[in-house]
Amino acid sequence: MAASAFLKIGGQQAGCGAVHPPLVSIVVINRNYAEFIGATIDSIGQQDYPAFECIVVDDCSTDHSLAVIAEHTSGDPRFRVVALTDNFGQLAAAIEVLPQLSGNFVVFVDSDDILFPQFVSSHIQVHLALPAPVSFTSSNIIEADAQARVLVQGRHGFGDGLNLQKDRAGGLQDIASVVRLATVSDADYLSLSDITAMVPHYHTRWVWAPGSANVYRRSVLERVLPPVRLTTTHYSCDSHFIRLLHVTTGSAIINRQLSMYRIHDRNMYTAGPQLQATRWIRERHAKAIALQRLMVLQTYLCRAGDFNRMLAGERYWSTLDVLCNIENVSPRNYLGSRAAREILVGAFPELEAVFGLPTVVARLCERMSTRDVWITLRAAKELGVFLPHFVAAQFRRSCACMANAIRSR
């Protein structure tokens with residue numbers, strides 16, 4: 001279908017080839033999933049959205065993945081293959097190929113997942129029709145076993161705390177006034193509007209689906225990359241990008257199952273389907289999860305200047321609180337760990353350059369215990385430089401505590 005015929009503006013064909021739908025870059029990152037990768041590639045080729053490119057990245061597989069990839073991509077100009085000679089891991093591999101992408105939107109697909117035919121068109125239609133643009137959308141999933149047998153019809157906790165019927169901050173703009181995709185009928189558009197909800201940037205509960213269920217704006221992906229070259233293979237794309245992008249711009253969820261997420265004995269993190277009041281995380285990867293969370297914190301602190309410029313309304317420090325609370329811990333407990341203090345010490349020159357020493361000391365004193373602030377500052381600065389600001393910040397905190405105690409009587 002020609003691009004001009006695929007796009008409608010205000011219910012009319014765009015015409016004249018003057019306006020085109022967004023280009024979507026689909027990145028499949030594979031490591032020794034030869035038994036799954038063929039079906040994943042086939043599901044991408046069956047998308048009803050025509051404007052996409054697919055880059056299949058083989059992350060130094062030692063099985064016959066490359067042969068399967070070649071078989072399923074041969075002769076299709078929408079696909080190209082990148083074979084890495086070192087094992088990067090998912091996030092590092094994604095960063096490696098990011099400069100090669102041409103798309104306005106990006107999807108990182110696990111090589112054992114399946115995208116349903118309307119996955120891309122549904123996400124792009126939502127992106128184009130939201131009341132306010134966000135950095136990513138997340139759709140619901142079907143959880144299945146290695147043989148693609150359905151285990152759970154939706155992700156438990158998806159959209160938790162967001163009432164799609166009452167939170168009409170959700171929903172899409174009026175059907176007659178938005179850019180429309182030809183593959184999304186009027187009925188589909190109205191249905192999408194009913195099941196879509198905006199998630200404000202200050203929302204702190206994890207409400208998104210993992211991995212392949214998310215479609216990101218490329219322009220913001222490049223603004224939240226880690227400040228260091230990754231040396232571990234355990235970092236995932238969704239854990240890094242979702243946290244940082246959500247607190248920056250907010251997000252949106254689509255409560256429709258648009259992809260299938262496999263659960264099997266080789267998943268890195270998930271050991272079973274998500275059931276009520278349970279968490280199925282592989283014990284051997286608990287440390288990797290903690291390291292990923294610290295990488296998110298390091299990115300936010302060490303790139304303080306970039307984030308401060310992005311965040312309207314002088315909300316850098318309140319956004320740090322939201323980022324901590326997504327982990328279900330208070331900023332005091334999160335920032336006070338030994339590993340987090342080491343990150344703070346490394347990020348201190350950047351924080352001081354952006355906000356000034358008095359502000360940094362005051363903000364840390366609001367979010368950490370006196371002991372932890374003292375240890376951090378002693379490691380980052382000479383005693384005589386920070387001491388007056390530290391004493392002043394402690395005095396202000398004591399006054400605020402006394403005032404709160406009086407008001408509560």
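Which residue's side chain does Asp 372 meet in a salt bridge? In this predicted model, the side chain of Asp 372 meets that of Arg 371, with a distance of 3.2 Å from N to O. Side chains of opposite charge can pair when their charged atoms come close. The points below look at such pairs, and then at one strand and one helix.

**Salt bridges**

- Counting every nitrogen of a Lys or Arg side chain that lies within 4 Å of a carboxyl oxygen of Asp or Glu as a salt bridge, the total comes to 15 salt bridges.
- In the pair of Asp 372 and Arg 371, the two partners fall into opposite classes: Asp 372 counts as buried because its relative accessibility is 10%, under the 20% limit, whereas Arg 371 is exposed because its relative accessible area is 57%, over the 50% limit.
- Arg 155 forms a salt bridge with Glu 143, and the closest N and O atoms of this pair are 2.6 Å apart.
- This pair links distant parts of the chain, since Arg 155 sits in the loop between strand E9 (150-152) and strand E10 (179-181), while Glu 143 belongs to strand E8 (residues 136-144), and the two are 12 residues apart.
- Both Arg 155 and Glu 143 are buried.
- Asp 186 and Arg 180 also bring their side chains together in a salt bridge, at 2.9 Å from N to O.
- Here Arg 180 counts as buried because its relative accessibility is 4%, whereas Asp 186, at 47% relative accessibility, counts as partly exposed.
- Salt bridges can also join several residues, as in the network that links Asp 321, Arg 363, Glu 366 and Arg 367.

**Strand E11**

- Strand E11 (residues 196-199) is covered on both faces, with Thr 196 and Met 198 buried on one side and Ala 197 and Val 199 buried on the other.
- E11 pairs with strand E13 (residues 251-262) in the antiparallel sense, and the pairing runs over 4 bridges.
- Within this pairing, Thr 196 has Ile 254 of E13 as its bridge partner.

**Helix H2**

- Helix H2 (residues 34-45) has 12 residues, and at 1.5 Å a residue it should span 16 Å, which agrees with the 17 Å that separate its end C-alpha atoms.
- Several residues of H2 are buried, among them Ala 34, Phe 36, Ile 37 and Gly 38, and further along the helix Thr 40, Ile 41, Ser 43 and Ile 44.

How values were computed. Residues numbered from 1 in each chain as written. Predicted model: local features only at pLDDT ≥ 70, side-chain atom pairs only at ≥ 80, totals over all residues. Heavy atoms only, no water. Buried < 20%, exposed > 50% of the residue type's maximum accessible area, 1.4 Å probe, protein only. Pairing = 2+ DSSP bridges. Expected span 1.5 Å × (residues − 1).
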